[in-house]
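Here is a short briefing on one protein chain. Look at the sequence and the structure, then follow the points below.

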Amino acid sequence: MEQNRKKMRLQKAVLSLLSLIFLAMALAGIGAMYYNGGYGKGISWVYEDSYEDSDTFCLKLGEDIRNIFTYIGYKDLFETNGQLDMSKPVVRLTDGPGVDEDWTLDQIVRYARVRGYYLGDNFTVQGSPMSMDDDDMEVTVQFLNPSLDFLSTGQMETRMTKEELALDVLECLGQYYSIYYNFMEHETNVRFRVVYKSDEGVETVYTNVPDMTLDELRGFGKYLFIPGNTIRMDTNLAVIPEDAAALLETWNPNNNDQNYLVVSVDTTYPYNDSYSAASAQYHSVRNAFIMGMGGVIVGFIGFFATLVWLMFLSGHTDSLDSEIRLYPIDRIPTELCILIGAVAAAALLIWGKRMGMMVIGLFVNEEHLPFWNKLLRYLIFYGCGILCGFSLLRRYKAGTLWKGSLGKRAAQACKTYRQKASYAAGAAFCYLLFLACNGFMMWLILFLFATRGERISYRIMYYVVLALFAGIDGWVFHRLFRESCQRDMLDQAISTISTGDTGYRLNTEVLTGKERKMGEHINNITSGLDTALQEKVKSERLKADLITNVSHDIKTPLTSIINYVDLLKRQKIQDPKIAAYLEVLDQKSQRLKTLTEDLVEASKASSGNLKLEISDINLVELVQQTNGEFEERFALRRLELIQDLPEEVMIIRADGRRLWRVLENLYTNAFKYAQEGSRVYVDVKEEEDTAVFTMKNISEKPLNISPDELTERFVRGDVARTTEGSGLGLSIARSLTQLQNGQFKIIIDGDLFKAQVIFPVKRREKKAEWLAEEAAAGDEMKEGLDEEQGFAAGSK
């Protein structure tokens, strides 16, 4: 293991060195491309085949064509019969009315010498001016050659000093010497011929190859032939100089189309001139540019490849180590690390601008300082970025990138605040944030659009701000809508659980914040309820089995006890004490018999082991009959029965005997436990296609018990058990009601006891119609009985 660590650390060191070497190669390639004139040309320069097809060649040829026509102008100005004539008058000076003087080229040159000016080696005007008496005296100057448009004077008279005149003519003379030396006197790869032919057939020819024919001139590598009698050009140049045809027509002295221009360049470059030197330099620079580009490509590919490999090895090395090594800079918050890196980069940029460029300026040319300035800035950004990046990488591997950040702390604080804050506070905060964002955006829109005019930049900023405005409003709406949806999910979960579905589970993955906590609590509640319900069902089943078995086992000996008590009572015992004992024994045995029968019936009802005879039952009539039977019993405890029954007949589907038992148990429960001297309310109503029987009374004893517990077996509202009762009446009533597809409800509000029996309504009829149907059914039954009796009498 230790050997593997050493090997990987050595590989990391080698990769780090290679990364720096590749980076240096890329920077050297960039420098080579920049220093060799490749800046701004792009990668297309690499695909150009030759110097002769480049823009550089075409620009140089165009410049030389302009020089050729400039030479033509100077030739007429300075030459006589093809030779330079120093005694030829050039300008006319006027110094007052009638005072004219023609100055020759020799006079102008000598005047310039006197003033300290001369032509240098490259035919440029040099020297230091000497002060003379006529320095500030201006004279009227008129050039004698009427076609010198290139001097911007022509035949127009102009005012200037003699010194200015001497400088202008000396500069023109220098250009003449330069062009004459390069194209006429010195061997050159450029051949040209310009021909102007008058209407009389006289040709004026300007050429540096008088012995070559037109076809020979057009037979070199690159040529341009412009005839004056057509707008078409014959050339093999990649780009035609724009002003070549215009210059040919401008210098035309004959005002006809009998002229042409032919210029060619021998691309084999047999002579050493500016073209051969430019071609060699072009190929050298292009090759250097290509090599620099290759260095950039290889350098950056190698740099990023070694960087990725280094990160990969760092991960393996860290996996071998038991713990990621963190430096002091890695222990500060992530945001502060990035801020420190930015501040360090800014400080180094300031130092590089003030001190670094001063040092670099000592070693490089001034024209290359912008390149070195950019390179220095990029190196500073790279250095600070790579240090900060490796720090972030170590944090990521150690798991502290987010854990140790200020953002995590802020998010945790916001999360804590949100968990502790109420829903009202959260909604108020979102609404205030919404108002603040809207106010800021409105102000920004007014500032950018209303006060800054209609410029395109501000219109673009306006639309950007508008889009940002819509985005923030949409985000706030999304948050509020998402929270509303989550609360709807919670409400639906609570509603579903409230119906008795204890197996319902809420998907908390789609919830956030406080809603997720509440969803987890709801799931915990449903889990507890489900477990409790299963335990309750198990307990209920065991209780039902026990009750059924015990009831059957008690029934046989209880019957014997009742029979023997009855036999003893028939003996007419005279002893009153013994007679009283027998009476108590008889009462208790009868109560035990009733309890046993109730137990058996409760067991059958809860298990569904009962045979029902379902038929049409008039619920209103059944309640009226029950009221009549219990009216006298209620009077014994001074209970006033108040009934509210409809006039219509409500027909339901039920077992009449079982439904009677349900009502009897409810009335009996009211008789036993209602407060003496109070009222008992009974009503029947129709609610949403259901018939609802309701009984309400005030309990004599406090009802400190839940409605569900009251319907359990052996549970009574009289906790002290001072009244007689088995505690099975309500349980039997509920079971029988549910067996008949009805609903049994108990509602307790303080001491108010309210019981409801609900059945679907089959149909509704008026009482008269019902009585008529009953009467008809009775008549039919009576006729049937009479027929049976008549048949029996006849048989006798």
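**Briefing: sheets, helices and cores**

Strand 9 (residues 190–197) pairs with strand 10 in the antiparallel sense, over five bridges. The model is a predicted one. Its chain holds 20 helices and 20 strands. Of the 796 residues of the chain, 35% count as buried. Among contacts with a separation of 6 or more, 68% come from residues 24 or more positions apart.

**The five-strand sheet**

- Strands 9 and 10 belong to an open sheet of five strands, in the order 10-9-13-11-12, with antiparallel pairing.
- Strand 10 (203–207) and strand 12 (234–235) stand at the edges. Each has a single partner strand, so one side of each is left without a neighbour in the sheet.
- The bridge partner of R193 in strand 10 is T207.
- Helix 3 packs on this sheet. The helix touches strand 9, strand 10, strand 11 (222–227) and strand 13 (259–265). The direction of helix 3 makes about 130° with that of strand 13.
- What holds paired strands together in general? Strands of a sheet pair through backbone hydrogen bonds, either parallel or antiparallel.

**The four-strand sheet**

- Another open sheet has four strands in the order 4-3-7-8, and its pairing is antiparallel.
- Which strands stand at the edges? They are strand 4 (100–104) and strand 8 (158–161). Each has a single partner strand, so one side of each lacks a neighbour in the sheet.
- On average, neighbouring strands of this sheet are turned by 40° against each other, direction ignored.
- Strand 3 (residues 89–94) runs antiparallel to strand 4, and five bridges join them.
- One residue to find is P89, whose bridge partner in strand 4 is T104.
- Helix 5 (residues 162–185) lies across strand 3, strand 4, strand 7 (138–143) and strand 8. Helix 5 runs at about 95° to strand 8.

**Nonpolar cores**

- The largest nonpolar core has 54 residues. F57, I65, F69, V91 and V194 touch the most other members.
- Which helix gives the largest share of this core? Helix 3 (residues 55–78) does, with eleven residues.
- Leaving aside neighbours within four places in sequence, F69 is in contact with V194, Y196, A244, L247, L248, W251 and L261.
- A second, separate core has 42 residues, including M650, V662, L736 and V761.

**Strand 20 and its partners**

- Strand 20 (residues 752–765) is joined to strand 16 (residues 649–655) by four bridges, and the two run antiparallel. Here M650 has R764 as its bridge partner.
- Strand 18 (residues 690–698) also runs antiparallel to strand 20, with nine bridges between them. T694 has Q756 as its bridge partner in strand 20.
- Strand 19 (residues 743–749) and strand 20 are antiparallel too, joined by seven bridges. D749 stands opposite L752.
- The hairpin of strand 19 and strand 20 has two residues between the strands. In this hairpin, G750 takes a positive phi near 70°.

**A closer look at K754**

- K754 lies in strand 20.
- Is K754 buried, exposed or partly exposed? K754 is partly exposed, because its relative accessible area is 23% and buried means under 20%, exposed over 50%.
- Leaving aside neighbours within four places in sequence, K754 is in contact with T694, M695, K696, K745, I746 and I747.
- K754 and V682 are 72 residues apart in sequence, and 9.9 Å apart in space, C-alpha to C-alpha.

**Helices 16, 17 and 19**

- Helix 16 (residues 619–636) and helix 17 (residues 656–673) have axes that come within 10 Å and cross at roughly 35°. Their crossing is right-handed.
- Residues in this contact include L622, F630 and F634 of helix 16, and W660, L663 and F671 of helix 17.
- By class, this contact has eleven nonpolar, three polar and three charged residues.
- Which residues of helix 19 (residues 729–739) are buried? They are L730, S731, I732, A733, S735, L736 and T737.
- N741, just after helix 19, takes a positive phi of about 65°.

Notes. Residues are numbered from 1 along each chain as its sequence is written. This is a predicted model: local features need pLDDT of at least 70, side-chain atom pairs count only at pLDDT 80 or more; totals for chains, interfaces and linings use all residues. Side-chain values use heavy atoms; hydrogens and water are left out. Two strands pair if DSSP finds at least two bridges between them. Axes are lines fitted to C-alpha atoms, for helices over the stretch in contact, and angles run from 0 to 180 degrees between N-to-C directions. Contact means heavy atoms within 4.5 Å. A crossing is left-handed if the near helix is turned anticlockwise from the far one by less than a right angle, and right-handed if clockwise. Ala, Val, Leu, Ile, Met, Phe, Trp, Tyr, Cys and Pro count as nonpolar, Asp, Glu, Lys and Arg as charged, and the others, Gly among them, as polar. A nonpolar core is a set of buried Ala, Val, Leu, Ile, Met, Phe, Trp, Tyr and Cys residues joined through side-chain atoms within 4.5 Å. Buried means under 20% relative accessible area, exposed over 50%, partly exposed in between (1.4 Å probe, protein chains only).
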